[in-house]
Amino acid sequence: MRLFKTLLMILTFLLFLLAINMLFFSYLKPGTSFSPVSIEPPRNITSYNGSLQFYPNMLFNHKIITYTIENTCEKAKYNNMIQAFSILENETSGLIKFQPASREPDIFVTCNQSVQELESKQKSSYFIAGEGGAERAVSTGEFWVIEKGKILLYYPRTKECLTYHVELHELLHVFGFKHSDNRYSMMYPVSECNQVLSDDIIREILRLYNLPELADIYITNVSAVKHGIYIDFDIEIKNQGIENARNITLILSSRNKAIDTFELKDINYGEGKIMNVENVRIPITMLNLDEITFSASSESEEMSTDNNNITLSIQS
Ligand SMILES: [Zn+2]
């Protein structure tokens, strides 16, 4: 009887151990491999300590961006690219929109990479999954207007993180954003699944694309000489805005009285015009003028007209 009791106690104890074991360790089956759980870092991380973009104020001068995805891109890459576009659309609350191009696209996406090029790329220290950038951008002094972007996707299909990360990273390069030192940022040079599109990038996109899409002409250099009843002058006018300035007129006046008017036609963004004019006749009633003013105006609306006038005093 005593033996039976002891056996029962031992059996109960073993059952207890088994129950404990099942409770706490039942999911630890031998042979199961564990992959680290990726925890998404918060989006309010800083991606950049200094400047965010390759050049300050890089932007397209329109908010509907057109694209072409070449048929060298397999279905998965095509879908990821479309997803990257829609993420940027959603993050900017529709301020920026992407549309398939009917003509020359703003962004050309290709997956075609010659073997030679790929081999030279893979010799670098880490695997490059893609490339993206502004292929053509025009400096206006104040802005860099992106005219053409290109995205090249050549990561293999077997790459572990099969989401839109590479596509969005390259798309942000096209928008002028450079690499980040923060490994949790989408713009870190090496792509990881747990990287986030940080708020500082979105804030900068919102700031840039809320700017008015306008021209901004201003007078850079001017010098003038009065000799007898004539004035000679040199003047340089530039367009630092992001739109072309149409039909520019330059008025030479003195204390609100016009002396002469000059037509300069159009000045495209990033461009300028220099005028050298000799022997502008001063009206007889204004011969004792002590200052002259140059005022430039355009038919196009401008970001600012405060910088369109310069007044020079005549020194004798
Ligand atoms: Zn990159």
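Which residues are exposed on the other side of H5? The points below take up that helix, and then the sheet and the core, in what is a predicted model.

1. **Helix H5, exposed side.** The residues asked about are Arg203 and Arg207, which are exposed on the side of H5 that lies opposite its buried residues.

2. **Helix H5, buried side.** Helix H5 covers residues 199-209, and within this stretch Ile201, Glu204, Ile205 and Leu208 are buried. When the helix is viewed down its axis, these buried residues fall within an arc of 100 degrees, so they line one face of H5. Glu204 deserves a look in the viewer, since the buried set includes this residue alongside Ile201, Ile205 and Leu208.

3. **What H5 packs against.** The partners of the buried residues of H5 are strand S1, residues 58-59, and helix H4, residues 165-174. One contact that can be followed residue by residue is that of Leu172 with Ile201; leaving aside neighbours within four places in sequence, Leu172 is also in contact with Phe177, Met186 and Met187.

4. **The largest nonpolar core.** This core holds 55 residues, and those that touch the most other members are Leu59, Val109, Val145, Ile146, Leu171, Leu172 and Ile217. Strand S6, residues 144-153, supplies the largest share, with six residues. The core draws on both domains, taking at least three residues from each of domain 1 (58-209) and domain 2 (217-313).

5. **The four-stranded sheet.** Strands S10, S9, S12 and S13 form, in that order, an open sheet with antiparallel pairing. Strand S10 (257-267) and strand S13 (309-313) each have a single partner strand and stand at the edges, so one side of each is left without a neighbour in the sheet. From one strand to the next, the twist averages 15 degrees.

6. **Strand S9 and its two partners.** Strand S9, residues 245-254, runs antiparallel to strand S12, residues 291-297, and five bridges join the two; within this pairing, Leu250 has Ala296 in S12 as its bridge partner. Towards S10, which also runs antiparallel to S9, there are eight bridges, and here Leu252 stands opposite Asp260.

7. **The turn between S9 and S10.** These two strands form a hairpin with two residues between them, and one residue of the turn, Arg255, has a positive phi of about 45 degrees. A colleague checking the backbone of this hairpin could look at Arg255 together with the Leu252 and Asp260 pair, in which the two residues stand opposite each other.

Key:
Residues are numbered from 1 along each chain as its sequence is written. This is a predicted model: local features need pLDDT of at least 70, side-chain atom pairs count only at pLDDT 80 or more; totals for chains, interfaces and linings use all residues. A residue is buried if 20 or more other C-beta atoms lie within 10 Å of its own, exposed if 12 or fewer, and partly exposed in between; C-beta atoms are placed from the backbone. The arc is that of the directions from the helix axis to the C-beta atoms. Two residues are in contact if their C-beta atoms, placed from the backbone, lie within 7 Å. Two strands pair if DSSP finds at least two bridges between them. Axes are lines fitted to C-alpha atoms, for helices over the stretch in contact, and angles run from 0 to 180 degrees between N-to-C directions. A nonpolar core is a set of buried Ala, Val, Leu, Ile, Met, Phe, Trp, Tyr and Cys residues joined through C-beta atoms within 7 Å. Domain bounds come from an automatic or database domain assignment.
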